[in-house]
Amino acid sequence: RQSENKNEDHNQTNSINIDKDSDSQSMIHGSSPASFTSRARVVLVGIGADEQMAGYARHRTTYNRGGYDALREELKMEKGRLWTRNLGRDDRCISFHGKEARFPFLDEDIVAYLGSL
């Protein structure tokens, strides 16, 4: 199964192939010639980091156009829709491959701390 992600900030495409075998192993093939197999059941996912800490180039654009207040509103909007826009999709894709997703940047304490900055 191939998943393709077009990076909206850099116009480049990253492809990852994940093959699941009968032993619940997953082999991941990326753009490099190296691939690996893992029996790990849990995957740490970085979702939420960019949305909370202005990690996308569009955040710089928002800041340059409207300043700190505009950026804060943009991040608030993105964080609010993260649950329906990204989280469910990513969890379904990872679960399909027999893995459990963990989202450390969405931990309540982390979200509260980043919101207080």
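The second largest pocket is lined by Glu51, Gln52, Met53, Tyr68, Leu71, Arg72, Leu75, Lys76, Lys79, Leu114, Gly115 and Leu117. The model described here is predicted, and the pocket in question holds about 330 Å³ of space. Three helices, α1 (49-53), α2 and α3 (108-116), each contribute at least two residues to its lining. Of the elements involved, α2 gives the most, with 6 residues. In chemical character, the lining divides into 6 nonpolar, 2 polar and 4 charged residues. Among the charged residues are Glu51 and Arg72, while Met53 and Leu71 are among the nonpolar ones.

Arg72 leads from the pocket to the salt bridges. Besides lining the second largest pocket, Arg72 meets Asp69 in a salt bridge between their side chains, with an N to O distance of 2.7 Å. Side chains of opposite charge can pair when their charged atoms come close. In this pair, the two residues lie 3 residues apart in helix α2 (residues 57-96), so about one helical turn separates them. Both partners retain some accessibility: Asp69 is partly exposed, with a relative accessible area of 48%, and Arg72 is likewise partly exposed, at 43%.

The structure holds 4 salt bridges in total, and two others may be considered alongside the Asp69 and Arg72 pair. One joins the side chains of Glu78 and Arg58, with 3.0 Å from N to O. The partners in this bridge fall into separate accessibility classes. Glu78 is buried, because its relative accessible area is 2% and the cut-off for burial is under 20%. Arg58, by contrast, is partly exposed, with a relative accessible area of 23%.

A further salt bridge links Arg89 with Asp90, whose closest N and O atoms are 2.9 Å apart. Here too the acidic partner is the buried one: Asp90 has 18% relative accessibility and counts as buried, whereas Arg89, at 39%, counts as partly exposed. The value for Asp90 is 18%, and the class of buried residues takes in those under 20%.

Taken together, these features place Arg72 in two settings. Arg72 belongs to the lining of the second largest pocket, and its side chain is also paired with that of Asp69. The Glu78 and Arg58 bridge and the Arg89 and Asp90 bridge each bring a buried acidic residue, Glu78 or Asp90, together with a partly exposed arginine, Arg58 or Arg89.

Conventions:
Residues numbered from 1 in each chain as written. Predicted model: local features only at pLDDT ≥ 70, side-chain atom pairs only at ≥ 80, totals over all residues. Heavy atoms only, no water. Buried < 20%, exposed > 50% of the residue type's maximum accessible area, 1.4 Å probe, protein only. Helix = DSSP H or I, 4+ residues; strand = E, 2+ residues; numbered from the N terminus. 1 Å grid on protein atoms, 1.4 Å probe; cavity = no way out; pocket = protein on both sides within 12 Å on 5 of 7 lines; lining within 4 Å. Points joined across faces, edges and corners; volume = space filled by probe spheres on them.
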